[in-house]
Every structure is written in structure tokens, then in C-alpha cells.
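Trainee: I am new to this structure and would like to learn how to read its features one by one. Could you show it to me before we begin?

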Amino acid sequence: RENKVDMVGEPLPIEEQQANINMVDDKDFTFEFEIALAPKFDAVLDKNDKLPYYRIQPTDEMIEGQVKAFAQRCGEYKKVDSYEDGDMLKGTLTESVENGIVVREAVMMPAYMKADEQKALFAGAKVDDVVTFNPSVAFANNEAELSSLLKVEKGEVAAHNGDFTFAITEITRFVASELNQTVFDAAFGKDVVTNEADFRTKIAEQFAGRFEVESDYKLLLDVRAYLTEKLGKFEYDEAILRRVMEGNKSGETVSEEDFQKSLEELTWHLIKEQLARKFEVKVDDNDVLDVAKAATRDQFAQYGMANVPDDLLENYAKEMLKQEKTREALINRAVDVKLIQSIKGAVTLNEESVSVEDFNKKVSENA
């Protein structure tokens, strides 16, 4: 450390010296170690370096799907007169045998039936209709489903495998909400948007923010490929590095393929560390918390929950940070976030709008 020796891995003690050391009689000791010196290089990124930056464009279908998801969240069940696939039925379920089971106020959704011919028996059924069907066939003898429907123990299900009648007393259907202020407020907060056009614009912006994270990730992949080629092959003391890697694997032999892949990862690690030093990238607890909150926000967004209170996000994020491996990954992510922003300001970006499909193809090219 005093001599600022730039090494890779840990110093390795020379095994042969152990025979010449007398720990009882000797007063002075000389210990010898082998070290793998890090290669010398200079990773430079400036405006002369031109890199692609892909702006992902959400499709109309993606925006429409999100609009429908928000409308569904504010929907409600309404009573209807005739059955359509997906509706919920309520009625009296009666076994077609003497002294058979009778379940009043039974609730059933034929859409979940496994047998199409049984499901078809309910097509177009109306309130007060009586439909005859076989629950065992309809639900493929699933004990859990039949036990719940027939209100009997699982062990008794097999004894009731015949026909039943279902006298329909009520049909309810889940109906998505119309696009109104209630939906807008539920999605983005009170009065953030007040009309459908702004609502769709806000959804598009939401996609853009989510996609920018992916675009930044792709930029980092391109920087890796660009600098790896620009700097050329690094020279390592492979014999020592192989011993280090095998030591990390408790002496297990490292295959040539795995060794070369490890060298590629090591090269990028060294390049990225040097870039972080040059750009003076530093992260603190708040930076890591912000990254954790962003990850939590994305998780909620996947379930259509865009307007999550900040205090709830922070509580979830803090729970994530209590897990050591998760915290380490988030710290690395926070470094990457700041490094990417520095790189974006340093190089010349050739921006290009692409579809999600084309973007994914471009990412696969880095694999």
C-alpha cells in the first residue's frame, strides 16, 4: 500500500520458503510473495468518441394496454342479466341424487373450468335458469377446487362425481371504469392530469423513464465493447492469476474457457474502476437508497401501481438494503448509474429511436 503497487487479486506466499523458516529459533524472518501486477493502460473518453444511444419508443399497443390496466384497477362488479365468459355466477348447487348435497349461495366462475364442453353449458345462461353439469369433469377432479365448491372435505369429493344442477340467482361482471378523473387521480395523483390526451402523454413519459434505464445499460455495454477494442488485449501474469482463481475455488481446477471469461470480466472491471476514478464517481447512502427506491418503484409499476407514496417506497427500499447481497448489488448499481451519467456528458452520443423489438436485438448482440 505504501508503494502503491497496483496488483490484481491477493499476494500469494511462495510455498518453497516454508521449509527454510524456523519459527522457534529464528528471530528475523523474510517472507516472499508473488503478485500479479495490473496492466498499465489509459482509458480515455471524450467528445472525439462517438457512441450510439438508443431511445426506445413505446408502441401504441403498449400505451393502450397501460390505459386499460389503469381503467381495470378502478373498475367494479355489476349485476347483469345473461352470462358471458369471465362472469361470476351465484346460485343454488344441488346434487342430482336422492338426499344429495345442496349448497346455497354457491359462487362459481365457469371460465376456470378445465373441460370446454362443461364450460359451454353456461353460454348465454340467464338469471333463474337451471344448468345441469358435472363438477368433477368440469374441474378435472381437482380436490381443492371441488372441496371448496361442494363444501365437503377433500376426502369426500370422490363420492360426489355425478351431475349437479345450478339454479342461477345472480350474475355479476367486472366492468372496467370509463376514463375519468377518478382513473387519472388513481394513476398519477390528484389533478396531475385532467384529460385523456394528457393521461396518455403521461403514460408515454412513464415508459420513456423506464426505457431510459435500459438505454443507459445498453450504452454501458457499448462502452465496454468500444474500450476493450480500443485498448487492445491486456497482458496478465496468467500463471499467478490461475493460482489465485483456483485458490478462490478451494483448489478446484479452472477450465480454460472459464479462465478466459474471467480475464474478460477482470479487464472490464479494471477499465470501469479507472473510469470511475477519472470521473470522480462517488456514491453515498442517499445514492444507494435512491437506486433501491427506483428498483422498488419499477416493481410496483409492473403491477400497474404508478402513484406509490414516497414513504412506502422508502420503507420497502430500506428493507431491501438490510440484505447484504442485495445491498452490495445496489451499491454497484449506484456506481454504474453515476458512471453512465458522466460518460453521457463526456462522449458524443449519436441518438437513434428504435422499437422495443429492435432494441432487444441490439442488446443480444452484446451477449
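Mentor: Let us begin with a definition: helices (H or I, at least four residues) and strands (E, at least two) are DSSP runs, numbered from the N terminus. Please also keep in mind throughout that this is a predicted model.

Trainee: With that definition in hand, where is the place of Lys 151?

Mentor: Lys 151 sits in the loop between helix 4 and strand 8, and although Lys 151 is not a glycine, its phi is positive, at about 60°.

Trainee: Is Lys 151 buried or exposed?

Mentor: A residue is called exposed when its relative accessible area is over 50%, and because the value for Lys 151 is 62%, this residue is exposed. Lys 4, which belongs to the segment before strand 1 (7-13), can be read in a similar way: it has a positive phi of about 50° without being a glycine, and its relative accessibility of 74% is why it counts as exposed.

Trainee: Which residues is Lys 154 in contact with, leaving aside its neighbours within four places in sequence?

Mentor: Lys 154, found in the loop between helix 4 (143-150) and strand 8 (164-175), is in contact with Glu 143, Ala 144 and Ser 147 once those neighbours are left aside. Its relative accessible area is 47%, so Lys 154 is partly exposed. If you measure off the separation to Gln 118 from C-alpha to C-alpha, you find 22 Å in space, for two residues that are 36 apart in sequence.

Trainee: How should I read the packing of two helices, and at what angle do helix 1 and helix 5 pack?

Mentor: Two packed helices are described by the angle between their axes together with the distance between those axes. Here helix 1 and helix 5 pack at an angle of about 105°, and their axes are 9 Å apart. Because angles of 65 to 115 degrees count as roughly perpendicular, helix 1 is described as roughly perpendicular to helix 5. On the side of helix 1 the contact is made by Phe 70, Ala 71 and Arg 73, and on the side of helix 5 by Val 183, Ala 186, Ala 187 and Phe 188. Sorted by character, the residues of this contact are six nonpolar, no polar and one charged.

Trainee: Which residues of helix 5 are buried, and what do they pack against?

Mentor: In helix 5, which covers residues 181-188, the buried residues are Val 183, Phe 184, Asp 185, Ala 187 and Phe 188, and the buried residues of this helix pack against helix 1 (60-73) and helix 6 (196-231).

Trainee: What is found at the N-terminal end of helix 5, and what comes just after the helix?

Mentor: The N-terminal end of helix 5 is capped by Asn 180, whose side chain places an oxygen 3.1 Å from the backbone nitrogen of Thr 182. Just after helix 5 comes Gly 189, with a positive phi of about 100°.

Trainee: Turning to strands, in which sense do strand 5 and strand 6 pair, parallel or antiparallel?

Mentor: In a regular strand the side chains alternate between the two faces of the sheet. Strand 5 (residues 88-95) and strand 6 (residues 102-108) pair in the antiparallel sense over five bridges; among the partners, Leu 89 is bridged to Met 108 of strand 6, and Gly 91 has Ala 106 of that strand as its bridge partner. The hairpin of these strands has six residues between them, and within that hairpin Asn 99 takes a positive phi near 60°. Strand 5 also pairs with strand 8 in the antiparallel sense, over eight bridges, with Thr 94 standing opposite Thr 165 in strand 8.

Trainee: To finish, is Asp 336 buried or exposed?

Mentor: Asp 336, which lies in helix 11 (residues 324-346), counts as buried because its relative accessibility is 15%. Not counting residues up to four places away in sequence, Asp 336 touches Leu 220 and Lys 272. Glu 273, in helix 8 (residues 256-278), has a relative accessibility of 37% and therefore counts as partly exposed.

Terms used:
Residues are numbered from 1 along each chain as its sequence is written. This is a predicted model: local features need pLDDT of at least 70, side-chain atom pairs count only at pLDDT 80 or more; totals for chains, interfaces and linings use all residues. Side-chain values use heavy atoms; hydrogens and water are left out. Buried means under 20% relative accessible area, exposed over 50%, partly exposed in between (1.4 Å probe, protein chains only). Contact means heavy atoms within 4.5 Å. A polar contact is a pair of N or O atoms within 3.5 Å; within protein, one must be able to donate a hydrogen and the other to accept it, and residues adjacent in sequence count only if both atoms are side-chain atoms. Axes are lines fitted to C-alpha atoms, for helices over the stretch in contact, and angles run from 0 to 180 degrees between N-to-C directions. Angles under 35 degrees count as roughly parallel, over 145 as roughly antiparallel, 65 to 115 as roughly perpendicular and the rest as oblique. Ala, Val, Leu, Ile, Met, Phe, Trp, Tyr, Cys and Pro count as nonpolar, Asp, Glu, Lys and Arg as charged, and the others, Gly among them, as polar. Two strands pair if DSSP finds at least two bridges between them.
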